[in-house]
Amino acid sequence: MRRRLLALVCVSASLLSGCGLVPGGGTERRTVTVWLMQHSASQEYLDRFTEEFEREHSGLDLDIRVQEWTGIGEKVQKALEEDAADGPDVIEVGNTQVATYAEGDGLLDLTLESMRDWGREEWLPGLAEPGRWGSQQYGIPWYAANRVVIYRKDLFREAGVTAPPKTPDEWLALTEKLHTGGNQGIYLAGQDWYTLAGFIWEEGGELATERDGVWRGALDSPAALRGMDFYRRLQALGDGPVDADEEHPPQAGVFAEGKVAQIVAVPGLASAILKQNPDLEDELGYFPVPGRTAGRPGAVFTGGSDLVVPANTDTEEGAIEVVAALTGARWNTELARTMNYVPNKAGLADSAAGEEGVAAMAAGAAQGRATPATPQWSAVEADNPIKQYMTKVLTGSDPATEARRAARRITEQLAFD
């Protein structure tokens, strides 16, 4: 409503002196406040973007404010509910958070711009799909990151492995060959549910399904059970703890100790590995998680960020210009090159994949998926029955029984309003 009142005032004023003009005759400048998350972009990138954006948009100033992820959900919700003049006009949010913010009518509907101007059909599905609420597009994909297999080239050579696997069966056989002589074929924590999700999707299963507006857990489907069985067989070819996730202990440290042939992680984890073991500098390799079709990467969870515009912005046009620039081909590719991300469109991947890890990640991103697009999914992750299910199966419980129990729990959590 405030934007419409301002527009009416602008039209009325233009009859007298020209809208956007101050008494001295100069063009009125507007400030677009942008909230970006810590470590999403380098300061050098932000400085260059700000300078060129303001030069190309003479009536706009940028005020980029870097935020921390800790506590950001509550801070964003407050900003969406308030009508403060100094609030954000553009916000970076996690791709799976968009539905939570859109549910309360807090975001601007960008469907028209995304279809008409921004090439929505070309976006990576793992970023584009969670950016929608209903049939409307609220989140505009900015960058992506997904898991690949990081491996030890020297241990592969010692085991006589000359090429990465092309199918899940080849991956199992290769890993079994590597799991010898005191080496772990793979370090896979028992509760790494993001990796499990990819295996389930690759088999044609889902974590949860929606019908007539009702969400239900789906871990007990035959396809989902096949994904869990593959996880169980692969996880057994290493010493990953069955009752902990990949951060307990951090798998970078385990890999750096020198007895692990493979882990499943984002390529950026290599920096943490090399910090603990610089001798591995020339021995790290990468390949996409293999898919059921030879030569096609398997499904993976795609993390990353979308850009949203609060519905209460008083600089709507300027905010849309910022989103268009940051997610457009030029600056999106620059960000991917600078930060080793995957761009928001598969067609931009080749221009950004300048090193092996990013190339493997970009290949896998084409098969990227996201968690179910419902605001209640956060309740599932808060008290995660998928992790409990995985541990039960890996310690010998009946998979079908435990899958039904976990699916029921997910259904209950998704029904909570």
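In the predicted model, helix α9 is followed by G204, a residue whose phi is positive, near 95°. The helix that precedes this glycine spans residues 193-202, and because 10 of its 10 residues are buried, α9 is largely enclosed by the rest of the structure. The buried set comprises the aromatic residues W193, Y194, F199 and W201, together with T195, L196, A197, G198, I200 and E202.

The contribution of α9 to the interior is also apparent from the nonpolar cores. The largest core holds 47 residues, and the members that touch the most others are W171, L207, W377 and I386. Helix α9 supplies the largest share of this core, with 7 residues. A second core, separate from this one, consists of 31 residues, among them V32, L36, W123 and V323.

The surroundings of W171 can be described residue by residue. When neighbours within four places in sequence are left aside, W171 is in contact with F199, which is one of the buried residues of α9. Further contacts of W171 are made with V149, P165, I186, F230 and L234, and also with Q262, V264, F287, V289 and P290.

Two of these partners, V264 and V289, recur in the contacts of R147. R147 is placed in the loop between β6 (140-146) and β7 (148-152). With a relative accessibility of 18%, R147 counts as buried, because the limit for that class is under 20%. Residues up to four places away in sequence being excluded, R147 touches D192, Y194, T195, E246, V264, A265, V266, V289, V300 and F301. Y194 and T195 in this list belong to the buried residues of α9.

Salt bridges in the model number 22. One of them joins K153 to E356, with 3.6 Å between the closest N and O atoms. This pair links distant parts of the chain, since K153 lies in helix α7 (residues 153-158) and E356 in helix α16 (residues 356-365), 203 residues apart. Both ends of the bridge are partly exposed: the relative accessible area of K153 is 26%, and the relative accessibility of E356 is 34%.

Other salt bridges are formed within a single helix. In α19 (residues 399-415), R405 and E402 are 3 residues apart and are therefore separated by about one helical turn. Their side chains meet in a salt bridge with an N to O distance of 2.9 Å. The two partners fall into separate accessibility classes, R405 being partly exposed at 43% relative accessibility and E402 being buried at 10%.

A second pair in α19 is formed by E412 and R409, which are likewise 3 residues apart, so that about one helical turn separates them. The salt bridge between these side chains has an N to O distance of 3.3 Å. In this pair E412 is partly exposed, with a relative accessibility of 49%, and R409 is partly exposed as well, with a relative accessible area of 35%. Apart from these pairs, E44, R48, E334 and R337 are linked in a network of salt bridges.

Several loop residues are notable for their backbone geometry. The peptide bond from H248 to P249 is cis, and its omega is near 0°. P249 is located in the loop between α10 (222-235) and α11 (251-256).

Positive phi values also occur in residues other than glycine. For D212, phi is positive at about 55° although the residue is not a glycine. D212 occupies the loop between β8 (208-211) and β9 (214-217). Its relative accessibility is 73%, and D212 is therefore classed as exposed, the threshold being over 50%. For N340, phi is near 60°, again a positive value in a non-glycine residue. N340 is found in the loop between α14 (329-339) and α15 (349-352). N340 has a relative accessible area of 43% and is partly exposed.

Technical notes. Residues are numbered from 1 along each chain as its sequence is written. This is a predicted model: local features need pLDDT of at least 70, side-chain atom pairs count only at pLDDT 80 or more; totals for chains, interfaces and linings use all residues. Side-chain values use heavy atoms; hydrogens and water are left out. Helices (H or I, at least four residues) and strands (E, at least two) are DSSP runs, numbered from the N terminus. Buried means under 20% relative accessible area, exposed over 50%, partly exposed in between (1.4 Å probe, protein chains only). A salt bridge is a side-chain nitrogen of Lys or Arg within 4 Å of a carboxyl oxygen of Asp or Glu. A nonpolar core is a set of buried Ala, Val, Leu, Ile, Met, Phe, Trp, Tyr and Cys residues joined through side-chain atoms within 4.5 Å. Contact means heavy atoms within 4.5 Å.
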